[in-house]
Amino acid sequence: MADEFNTDSMLSMFLYESGTLLEKLEGIILEKQNADCFDDADINEIFRVMHTIKGSSGVMMYDNIMKTSHKLEDVFYYLRESHPDDVPHLELVEKVLAVSDFITGEIEKIKNGDAPDGDESGIIADLDEFLGELKGDIKKQGRRLPKENKQEEPVQFYISPVAEEDSHFYRIVIHYRNDTQMSNIRAYSATYALKEIAEDLLYTPEDILSNEASADTILAEGFYMLLQTKSSKDEVMELIDNAEAEQIDFDEINAEEYGKGVTELGQGNAPIIIKLDDEKDEKKTEAPKKEDTPPPKPGDYVVKSKETGKGKTLAKNHVKQQQAVISVNVEKMDALMDLIGELVIAEAVVLQNPDLKVPGLDLVNFQKASGQLSKITTDLQDVIMSMRMMPLTSTFQKMKRIVFDVSRKLGKDIELEVIGENTEVDKNIIENISDPLMHLVRNSVDHGIEDDPAARVAKGKPEKGTIVLEAKNEGGKVYITVKDDGKGLNKEALYNKALDHGLIENKPMSEFPEKEIFRFITLPGFSTKEEVTEYSGRGVGMDVVVKNIQSIGGRLDIESVEGQGSEMTLIIPLTLAIINGIVVQAGDTFFVIETASVKEFVRVGEDALIQQPSGAEIMVLRGECHPFIRLGERYDLPNACSKVDEGIVVVLEHEGSLVCVLIDRLLQEQEIVVKPIPSYVKKVKGLSGCTQLGDGSIALILDTAGLMLDEERR
């Protein structure tokens, strides 16, 4: 059986669904962490999440995940049924997060191709003890315990085609919600549960475990079952996993209709043999009257009943329920993005073809067609970009968890305020900012917020510290800010620490701009902590933040007021795939500069340059001195102009600093498809990638941050 359904496609769906459910679980827990208790809606939702994970992990044979989720499901089953008083809420929050961490860790092992071999016994014992305490309290109150939430172990069974005297025949069609993931696994769970009471059980689609496409069929047409059993309708409904069901069509039919249904399912002629007395035969084969069906209880699923013989017998005859959302493998999205990039390049090749510059050509029709092509290309690009965009919700939720864990371990009372969590960013960007953002948030908790609440009160601040996590889109960039109302940065302490560690040159603090002093905390090996702790003191956090952010074309901006707090802002591009760039030329080589980095273009004379003793040049622009780079000399380009007054100076800006770059010609502005420099080419400082221009030539993409860093080292 394991070989039948443990396929890669089902594994991917299991991982995707479990990850989504765990994110939802943590979202509920962290949202209500400061509440007095969970309300009924939260308890039901957490129960449903754990029930779903239990079922899918059981099907996938991941026993430790199944047992752990089942034990937590027991806890919330008890809370749902008994409504006990005085439940230790914060302790319950920690129990749930411990289960979430365990399952997340096991899922990470599965993603890496390893076996989920974690020992769940400690967590289960802990939950058993917690549940025992709750049950002990309710027994003291003289209240009745709910019936046990049993998990039946898989057993072998035999399905007989011979009906007994008290057998019932049912036709069941389950319609799942359109957004249900792994609906084929839901269907399997239903059949698995019913097999324990089934004398005979048939269903369609039959290949729910081996065929991934059966999930789409089930969502569109429903899951059709024929069941022969001695159990009542209510007993059958209790066994069916209806957590994701939108509607269940449930008909009790007679033996003859059951036999016809078996035949229609492709099982051949299937007469039903019933062991019963003649005088009871007629009564036993009659379907119950409609008025005998009890009305649904509040909170139950509505089960539609039809008159015998009038219901449709096959699932494919039911009205199709269209699926509004589908899941797509991210590799396919990346491939589509690459194709769009190639299309942009091909469009440039067509529209900038030298043959079009021949004098006397009538290009009216061509220009109309090319305009339509450009519009379609732009629309395609916008659509694929929107498909790749994801909200920062899950990333921000992880930050809530970090604040919760770290603040409790450090004994600090901190509230995290989240703003703009629905801001959308390219998926690749999100993957690159998760770790840097974690460092910034953890630093605010550890370094920013004061250790002593009394010290905060003495400064007129509330006893509880506040960290604000905000995201917003502005000018084609995403700004993610981590702001705290803590003690702020002490410039003198930062300067002395950097000087003592030899991280900066020995010159007076007054010669360093304020922002540069704040950026000392991003130097490798720098830390303001005297002792190394679990969260800080090694000096390897903030420099990693800067490197990761710069690798995706972003930057870190730091503002602080001593005694009032700090504000750290990540400024990152919306996407890495296609950028707006300006094409320039130096010698015979083409370069691309990102439009957002260009401050201005100027023409100056040689008298604007100052030669330093080290040989480096500085340009004086409006009374201020900035590093000056001759692009032709930097990369040894033949035929590049050497005189300043013959070229154009491009003033580039990065993190508030300026650098002046001499180029030969300014060509055009266009959309640039970013391509990595091939691995067999030696890495060159100041270059971040390459692209293909319309005439087929290759242009190198300048890295402003890399140019500045290289110039400082010179």
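Here is a chat between a trainee and a mentor about this predicted model.

Trainee: Let's get our bearings. How many helices and strands does the protein have?
Mentor: The protein has 714 residues, and 45% of them count as buried. Its accessible surface comes to about 37000 Å², with 49% of that belonging to carbon and sulfur atoms. As for the elements, the tally is 21 helices and 25 strands.

Trainee: Take contacts between residues at least 6 apart in sequence. What share of them joins residues at least 24 apart?
Mentor: A contact here is a pair of heavy atoms within 4.5 Å. With the pairs at least 6 apart in sequence as the pool, the share that joins residues at least 24 apart is 72%.

Trainee: Now the open sheet with 5 strands. Which strands are its edges?
Mentor: Read across the sheet and you get the order S9-S11-S12-S14-S13, with mixed pairing. On average, neighbouring strands are turned by 15 degrees against each other, ignoring direction. An edge strand pairs on one side only, and that description fits S9 (414-419) and S13 (555-561).

Trainee: Stay at the S9 end. Which residue in S11 is the bridge partner of Ile419?
Mentor: S9 runs parallel to S11 (residues 465-474), and the two pair over 6 bridges. Look along S11 for the bridge partner of Ile419 and you land on Glu470.

Trainee: Something helical packs on that sheet. What angle does the direction of H14 make with that of S9?
Mentor: H14 covers residues 393-410 and touches S9, S11 and S12 (477-484). Compare the direction of the helix with that of S9, and the angle is about 170 degrees.

Trainee: Over to the backbone oddities. Which residue does a cis peptide bond join to Thr204?
Mentor: Most peptide bonds are trans, so a cis one deserves a look. This one has an omega of about 0 degrees. The residue after the bond sits in the loop between S3 (198-204) and H8 (214-221). The partner of Thr204 is Pro205.

Trainee: His83 has a positive phi. Is His83 buried, partly exposed or exposed?
Mentor: Most residues other than glycine have a negative phi, so a positive one catches the eye. For His83 the phi is near 50 degrees, and the residue is in the loop between H4 (63-82) and H5 (89-111). Its relative accessibility is 41%, so His83 counts as partly exposed.

Trainee: And Asp636, is that residue buried or exposed?
Mentor: Asp636 has a positive phi too, about 50 degrees, though it is not a glycine. Its place is the loop between H20 (631-634) and S21 (648-654). The cut-off for exposed is over 50%. At a relative accessible area of 66%, Asp636 is therefore exposed.

Trainee: Let's do rings. Why is the pair of Tyr203 and Phe223 called tilted?
Mentor: The search of the whole structure turns up 9 aromatic pairs. In this one the ring centres are 5.6 Å apart, and the pair is tilted because the planes stand at 45 degrees. Tyr203 is in S3 and Phe223 in S4 (residues 223-229), so the pair ties together parts 20 residues apart in sequence. Phe223 is buried, and its relative accessible area is 0%.

Trainee: What kind of pair do Phe591 and Tyr635 make?
Mentor: Phe591 lies in S16 (residues 589-594) and Tyr635 in the loop between H20 and S21, so parts 44 residues apart in sequence are tied together. Both Phe591 and Tyr635 are buried. With centres 6.1 Å apart and planes at 25 degrees, the pair is stacked.

Trainee: Which ring has the charged end of Arg80 sitting over it?
Mentor: Here a charge meets a ring, with the charged end of Arg80 4.2 Å from the ring centre. The ring belongs to Phe47.

Trainee: Next, the hairpin of S24 and S25. Which residue there takes a positive phi near 95 degrees?
Mentor: S24 (residues 687-692) and S25 (residues 698-702) pair antiparallel over 5 bridges. One bridge partnership is Thr691 with Ala699 in S25. There are 5 residues between the strands, and the one with that phi is Gly696.

Trainee: Last one: which residues does Gln381 contact, leaving aside its neighbours within four places in sequence?
Mentor: Gln381 is in H13 (residues 364-388). At 8% relative accessibility, Gln381 counts as buried. With those neighbours set aside, the contacts are Ile340, Val344, Ile578 and Glu671.

Note on methods. Residues numbered from 1 in each chain as written. Predicted model: local features only at pLDDT ≥ 70, side-chain atom pairs only at ≥ 80, totals over all residues. Heavy atoms only, no water. Pairing = 2+ DSSP bridges. Helix = DSSP H or I, 4+ residues; strand = E, 2+ residues; numbered from the N terminus. Axes fitted to C-alpha atoms, helices over the stretch in contact; angles between N-to-C directions. Buried < 20%, exposed > 50% of the residue type's maximum accessible area, 1.4 Å probe, protein only. Phe/Tyr/Trp six-rings, centres within 6.5 Å; stacked < 30°, edge-to-face > 60°. Lys NZ or Arg CZ within 6 Å of the ring centre and 35° of its normal. Areas by Shrake-Rupley, 256 points an atom, 1.4 Å probe, with all protein chains shown as cover.
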